[in-house]
Amino acid sequence: MTNEHGEAIQLHDGLLRVRAPNPSPMTYSGTNSYIVGKETLAIIDPGPVLTEHRDALQRAIAGRPVSHVIVTHSHLDHAPLAPQIGADLNAPVVAFGKSEAGRSSVMKDLAARGFAGGGEGVDTDFAPDVCVPDGTLIEGDGWQFEVIHTPGHMGNHICLAWDDIVFTGDLVMGWASSLVSPPDGDLTDFMASCERLLARNARVLHAGHGELIGDPTDRLKWLISHRQMRSDMIMTALHSQPKTIDELTAEIYIDVSPNLRAAAARNVFAHLIDLTGRHLVRPLGELHENAQFTRK
């Protein structure tokens, strides 16, 4: 794990990475902010509101104009600095939409019934200046991104394709599988987004945390199979009798550290919602986090 907080690391011609000093079990070594371009720039994922990170981005920009501040998704470790740095640089904040945008119908229903997200935390005040739907081309001085709407980790999550390089936010990371925490995270969407990205045959992935991913095909196939394995484990655990999310989490995540147990339970709930949607399990009563689930 490389910390490099405050340094501007050149990854490719016209691409710098500046890592925020916010390491944690959920963010690994910190949030990766990317600066693309040579003369007029774009910033991807400015990150959390930290004065030292804001200053580091300004040093890396080195007085050059910035035309776009792009946010892959509005978790608290990616989005809150965007309006500040956008105002500093007179650049619009660009994203898929507000924090509730892009949710599936089942997640909208959960949210309407008061079920709140967990894990990394949502920037509930996030409001981009420009909303970009799937397929939008964001163009700048010598660079162009294609917006790929990739819900799963969060409903408003996007990836950005830059030639054969893709910036993946928190959909695909090299150090861990992504958190999928309802109602912001949706496993059914996550699997579809991974399959969609797999079909692009990218050369390199640059993630929101950790190092670059040099073999995107292998990593995406692993993420898909890992999730399928978790679903299989849940189906096996429900073979004999109905169980709650807490019971399933204790049985499946045997070695998880206590500070990640809540996130693991969220993942289990995400799997159960997906399995319910595929008519493989059902809740005993209303679909919620305290329900017992049984195989159909």
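Right after helix H2 comes Asn90, with a positive phi near 55 degrees. This is a predicted model, so treat what follows as a tour of that prediction.

**Helix H2**

H2 covers residues 82-89, and its buried residues are Ala82, Ile85, Gly86 and Leu89. Look down the helix axis and these buried residues sit within an arc of 105 degrees, so they line one face of H2. What do they pack against? The partners are strand E4 (41-44), helix H1 (51-61), strand E5 (66-70) and strand E6 (93-95).

**Helix H4**

Next up is H4, residues 187-198. Its twelve residues reach 16 Å from the first C-alpha to the last, close to the 16 Å expected at 1.5 Å a residue. Buried in H4 are Leu187, Phe190, Met191, Ser193, Cys194, Leu197 and Leu198. They take up an arc of only 165 degrees around the axis, which puts them on the same side of H4. That buried set packs against three strands, E9 (143-149), E10 (158-162) and E11 (165-169), and also against helices H5 and H7.

Here are the two helices side by side:

| Helix | Buried residues | Arc of the buried residues |
|---|---|---|
| H2 (residues 82-89) | Ala82, Ile85, Gly86, Leu89 | 105 degrees |
| H4 (residues 187-198) | Leu187, Phe190, Met191, Ser193, Cys194, Leu197, Leu198 | 165 degrees |

**H5 meets H7**

H5 and H7, both partners of H4's buried residues, also meet each other. How do their axes cross? The axes of H5 (residues 216-237) and H7 (residues 261-277) come within 10 Å and cross at roughly 80 degrees. That crossing makes H5 roughly perpendicular to H7, since angles of 65 to 115 degrees count as such. On the H5 side, the contact involves Arg227, Arg230, Ser231, Ile234 and Met235. H7 brings Asn267, Val268, His271, Leu272 and Leu275. Sort the residues of this contact by type and you get five nonpolar, three polar and two charged.

**A loop residue: Asp134**

Last stop is Asp134, in the loop between strand E7 (130-131) and strand E8 (137-140). Is Asp134 buried or partly exposed? With a relative accessible area of 37%, Asp134 is partly exposed, because buried would need under 20%. Setting aside neighbours within four places in sequence, Asp134 is in contact with Phe96, Val147, Ile148, His149 and Arg196. As for Ser257, 123 residues away along the chain, its C-alpha is separated from that of Asp134 by 37 Å.

How values were computed
Residues numbered from 1 in each chain as written. Predicted model: local features only at pLDDT ≥ 70, side-chain atom pairs only at ≥ 80, totals over all residues. Heavy atoms only, no water. Axes fitted to C-alpha atoms, helices over the stretch in contact; angles between N-to-C directions. Helix = DSSP H or I, 4+ residues; strand = E, 2+ residues; numbered from the N terminus. Parallel < 35°, antiparallel > 145°, perpendicular 65-115°, else oblique. Contact = heavy atoms within 4.5 Å. Nonpolar A, V, L, I, M, F, W, Y, C, P; charged D, E, K, R; others polar. Expected span 1.5 Å × (residues − 1). Buried < 20%, exposed > 50% of the residue type's maximum accessible area, 1.4 Å probe, protein only. Arc of directions from axis to C-beta.
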